[in-house]
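Please open the model in a viewer and keep the sequence panel beside it. This tour proposes a series of selections and states what is found at each.

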Amino acid sequence: MALPVPASPLGVWGSAGDWVPFKEVRVCGILGCLLRGAALPDALIPLGGPLSGPGWVGVIPLWWWVGSAGPLHLAQPRTHMTLGSMRGVRRGLSGPPDLPVPSTMRLSALLSAARPRLPPGYRHGMWPPESMAARLRNPPGQRRRKVFVEPIAKDDWKVFKGDTVQVLAGKDAGKQGMVTQVVQARNWVAVEGLNTHYRYVNRTAKYSGTYIASEAPLLLSQISLVDPEDRKPTEVEWRYTEEGERVRVSLRSGRILPVPPQPRKDGIVPEQWIDGPKDTSEEDALAKTYRPSLKTFEEEIMDAMGIVETRRAKKSYWY
């Protein structure tokens, strides 16, 4: 018997053979997204039950209610549906006919949602967000006044670690130095030996601590890149060469300012790395040392160690 075409794409087939639309479906949580997007097998799940009134979910709250932002209301208190019919696909038992799925949660969206994000009100400093110093200065639940920073696109950022810059403002105006740290979230750069202040470290009740000099950050507007031709501050802009390479070009002389080799997250610069005595060379890592054979692992060890098996198993009979 041909089933009638339902008027609403979201609903279930009732016990009387009629199509029961959903009055309200709100799925925002992780569990609800998994149910809506994953290819789950069909399973007969009774809806309705002894909760706070007709139309409330009886069995699904263990799965759907916890992961959703609201209840799932039905027009009938007792009916059946399959997990395939939840996704709008007719896959067997009592699901509706083939209907388009309004929204499907993909695995990439789930993985992106699972990535750790900085809490609201997080204030960036000179320490990486995953360091212990940054965690101590940003305890959970602490609310701070918002710091407004001039937005600069990641592709428009022009100053990198290792560049030579000149300070334009402050007590060290006119001096040049090398950039040792960049904090793009605050438009900060730290210049080696410039804009320093002194502070105590490792200070306790019994120890006075160590008095050291520390470079305070400078805003991007307080420094300028140095032209390698005349060693004077200059403005730069991104341009493309004939080969299609994106480079920084000085507006004073037109010379190209190559970007210094940037370190990885572990602080290693691959272009400047020198192998030590305990480092495995590239030739040794790529060398093929395995030779496949038809012998077992025990037989290969016996051949390598020169062990000859002289024992013979006794004759055995199946009867």
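Which residue in strand 15 is the bridge partner of Val249? Select Val249 and follow its bridge into strand 15, where the partner is Ile256. Please note before going further that the model is predicted.

**The three-stranded sheet**

Widen the selection to strand 14, residues 246-250, and strand 15; two bridges join these strands, which run antiparallel. They belong to an open sheet of three strands with the order 13-14-15 and antiparallel pairing. Its edge strands are strand 13 and strand 15 (256-257), and each of them pairs on one side only.

**The whole chain**

Now display the entire protein as a cartoon. Seven helices and 15 strands are present. The protein has 319 residues, of which 28% count as buried. Among contacts with a separation of 6 or more, 47% are made by residues 24 or more positions apart.

**The six-stranded sheet**

Select next the strands of the other sheet on this tour, an open one of six strands in the order 10-7-6-5-11-12, paired in the antiparallel sense. At its edges stand strand 10 (218-219) and strand 12 (233-234); each has a single partner strand, so one side of each is left without a neighbour in the sheet.

The interior of this sheet may be followed strand by strand:

- Strand 6 and strand 7 run antiparallel and are joined by four bridges. Select Val182 to find its bridge partner in strand 7, Val189.
- Strand 5 pairs with strand 6 (residues 176-183) in the antiparallel sense, over three bridges. Select Thr164, whose bridge partner in strand 6 is Met178.
- Strand 5 also pairs with strand 11 in the antiparallel sense, again over three bridges. Select Gln166, whose bridge partner in strand 11 is Ser224.

While side chains are displayed, one general point is useful: in a regular strand they alternate between the two faces of the sheet.

**Two loops beside these strands**

Move to the loop between strand 6 and strand 7 and select Asn187. Its phi is positive, at about 60°, although the residue is not a glycine. Is Asn187 buried or exposed? Asn187 has a relative accessible area of 7%, and therefore counts as buried.

Proceed to Arg231, in the loop between strand 11 and strand 12. Arg231 is likewise a residue other than glycine with a positive phi, near 60°. With a relative accessible area of 47%, Arg231 is partly exposed.

**The nonpolar core**

Which residues have the most contacts inside the largest nonpolar core? Select Val159, Val165, Val189, Leu218, Ile223 and Leu225; the core has 15 residues in total. Strand 5 (164-167), strand 7 (188-191), strand 11 and strand 13 (236-240) are the elements that give two or more residues to this core.

Centre the view on Leu225 and show its surroundings. Leaving aside neighbours within four places in sequence, the residues in contact with Leu225 include Val159, Val165, Val236, Arg248 and Leu257. Lys158, Asp163 and Lys232 are also among them.

**The pockets**

Turn on a surface and look for the largest pocket, which holds about 800 Å³ of space. It is lined by 22 residues, and those closest to its centre are Pro128, Pro129, Gln181, Val182 and Val183. Colour the lining by type to see eleven nonpolar, seven polar and four charged residues. Val182, found here close to the centre, is the residue whose bridge to Val189 was visited above.

The second largest pocket has a volume of about 440 Å³. Select Ile152, Val159, Leu220, Ser221 and Ile223, the closest to its centre among the 20 residues that line it. Strand 11 (residues 223-226) supplies the largest share of this lining, with three residues. By type, the lining divides into eleven nonpolar, four polar and five charged residues. Val159 and Ile223, which belong to this central group, were also selected in the core.

**A last stop at Val201**

Finally, select Val201 in strand 8, residues 196-201. Not counting residues up to four places away in sequence, Val201 touches Gly209, Thr210 and Ile212. Val201 and Ile212 are eleven residues apart along the chain, and their C-alpha atoms are separated by 7.4 Å.

Definitions and conventions:
Residues are numbered from 1 along each chain as its sequence is written. This is a predicted model: local features need pLDDT of at least 70, side-chain atom pairs count only at pLDDT 80 or more; totals for chains, interfaces and linings use all residues. Side-chain values use heavy atoms; hydrogens and water are left out. On a 1 Å grid over the protein atoms alone, a cavity is a set of points where a 1.4 Å probe fits but cannot get out, and a pocket is an open set with protein on both sides within 12 Å along at least five of seven lines; lining residues have an atom within 4 Å of a point. Grid points are joined across faces, edges and corners, and a volume is the space filled by probe spheres set on the points. Ala, Val, Leu, Ile, Met, Phe, Trp, Tyr, Cys and Pro count as nonpolar, Asp, Glu, Lys and Arg as charged, and the others, Gly among them, as polar. Contact means heavy atoms within 4.5 Å. A nonpolar core is a set of buried Ala, Val, Leu, Ile, Met, Phe, Trp, Tyr and Cys residues joined through side-chain atoms within 4.5 Å. Buried means under 20% relative accessible area, exposed over 50%, partly exposed in between (1.4 Å probe, protein chains only). Two strands pair if DSSP finds at least two bridges between them.
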